[in-house]
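User: Please take a close look at one part of this model, a single strand and the sheet around it. I would like the pairing described step by step.

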Amino acid sequence: CISYTVATFLELGLNNAVFHLLQEVNSMINKRLKDVLFTDQWSEVCMDTLSPFGYVLVTSQRMQGVLLLVFAKYFHLPFIRGVQTENTRTGLGGIWGNKGGVSARMSVFGHSICFLNCHLPAHMENSDQRMEDFESILQQQQFEGQAAMGVLDHDVVFWFGDLNFRIEDLEMHVVKAAIDNNKLSMLWEKDQLNMAKDSETVLEGFEEGPLKFHPTYKFDVGTNTYDTSGKKRKPAWTDRILWRLRPMAPASNNMSKRSSLSGLTSGTRVSQHFYRSHMEYTVSDHKPVSSIFTLQFPYKVDIPLVTIIVEDEWREVTDAVAKFKVTPNFSRSSWDWIGLYKVGFKHHKDYVGYTWAKQEESDYLRQEHQVTFAEEELPKESGDFILGYYSNNMSSIVGVTEPFQVTAVNQSEISNTNSSDFTSEDEIKQADSRDSSPVRNKKGSSNSSRSHTPTEGQMESSSNPRSRDTSPHSSSGRKGCSTPKRNDSSDGANSGKNTDKP
């Protein structure tokens, strides 16, 4: 029995990415269903499908068949902080991970958001058990930080997955007749989740769009026919997407006139654009469900921790220089690095080249820092690229540039030109730490900042990168110091090289 739910697709600029994602997933499943179930092919397909739209994988969490992936537009990455993930097993009394929940929390422009993907117990008679498991998941998932918080302590919570709630009381023929005649409202009243909202305190504040689509379970695999097996499961809306806004404190009587007119005094607002199922997908006994939301909120954080300054174009090896500034409250690490990413990159390790952003003793009094990319870190092909500053302490990209052009230099020319230059990585690093002079601007103009700080208008626009990197990558997690794997064309390409290389 294979069930899957295409969970909340959180969009700040609406486009057709979710539909491309579903089509790609369906095509892949038909070809390699068994491989998908036991490998991380889901993540691969989602990254390959969404990266051309400018989406980068922020984080992921998996527990057996429950998978949560969070993507964001690349220019929002510096404003997504405090990312943490959790998982809770509830199967077999908390031992087995076939049931339970996985979550990811983060701060987005200063507002806390949590995504919770659950697979709750099945069968009609287990409504109470589903609520007990949900409460257990909420109790066990506590996040660390300056202010430890649970799932419901966030400004916004998106809760979704195979929640397994059923339609009570009504007989099979009544349910099917209501579906055939499109009289779904009579089924809503007997939906266990809708009924539980009136009695379960833990569900207080959760909202859901109208169920205008047919129940998504249970179908004969490969068809749009409800269950004809001996079990004859009654149709139900098992796959759901809900959200919750944290209750806000009453507004102060001393509120300024400006803030009272802003329309944002209640904090974050959520608008749902659609909520639908996808009947065309027949590889499971469930139908996938998707939704698109827009979040509106006042920025609490709108300045990146690191601002990177780079030329509009790199034409020669000597142009491969970047400057950066850090905010006073930013804690740097010796394992921080700046990656050179092709536009359309998939995640923070999907870089073409990198350079360490190590902090030297002489850097403490500097307001502006400079790094140089070694010739072997430059791309072999011309194209559009961005720079991203990866913070080891925060395990995330905290500064990016706008796209800029890199013109590939013939490698034989590089070799002839620089054959008498640095002969080892240690010498390269020493030279980098000594050289603080700005790169020469061939056009005679001053260096221009390519650090991208989105505005509210940009939040609602769609980004279509002009190029795409399809090289293989590693999406595994990391503990401790940063050791990102280089995106070479074959595995083990970096074996035997210096161990201080990320």
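Analyst: What follows describes strand 11 and its sheet, then one arginine elsewhere in the chain. The model is predicted.

Strand 11 covers residues 239–245, and six of its seven residues are buried. On one side, strand 11 pairs with strand 9, residues 156–162, in the antiparallel sense, and seven bridges join the two. Within that pairing, valine 156 is placed opposite leucine 245 of strand 11. Strand 11 also pairs with strand 10, again in the antiparallel sense, over two bridges. Strand 10 consists of residues 206–207, and its glutamate 207 has tryptophan 243 in strand 11 as bridge partner.

These pairings belong to an open sheet of six strands in the order 4-5-6-9-11-10, and the pairing across the sheet is mixed. Strand 10 is one edge strand, and strand 4, residues 80–91, is the other; each pairs on one side only. At the strand 4 edge, the neighbour is strand 5, residues 96–108, which runs antiparallel to strand 4 over nine bridges. There, isoleucine 80 has valine 108 of strand 5 as its bridge partner.

Arginine 332 sits in the loop that links strand 16 (321–326) to strand 17 (337–342). The relative accessibility of arginine 332 is 11%. Buried means under 20%, so arginine 332 counts as buried despite its position in a loop. Its side chain reaches the backbone oxygen of alanine 357 at 2.8 Å.

Terms used: Residues are numbered from 1 along each chain as its sequence is written. This is a predicted model: local features need pLDDT of at least 70, side-chain atom pairs count only at pLDDT 80 or more; totals for chains, interfaces and linings use all residues. Side-chain values use heavy atoms; hydrogens and water are left out. Buried means under 20% relative accessible area, exposed over 50%, partly exposed in between (1.4 Å probe, protein chains only). Helices (H or I, at least four residues) and strands (E, at least two) are DSSP runs, numbered from the N terminus. Two strands pair if DSSP finds at least two bridges between them. A polar contact is a pair of N or O atoms within 3.5 Å; within protein, one must be able to donate a hydrogen and the other to accept it, and residues adjacent in sequence count only if both atoms are side-chain atoms.
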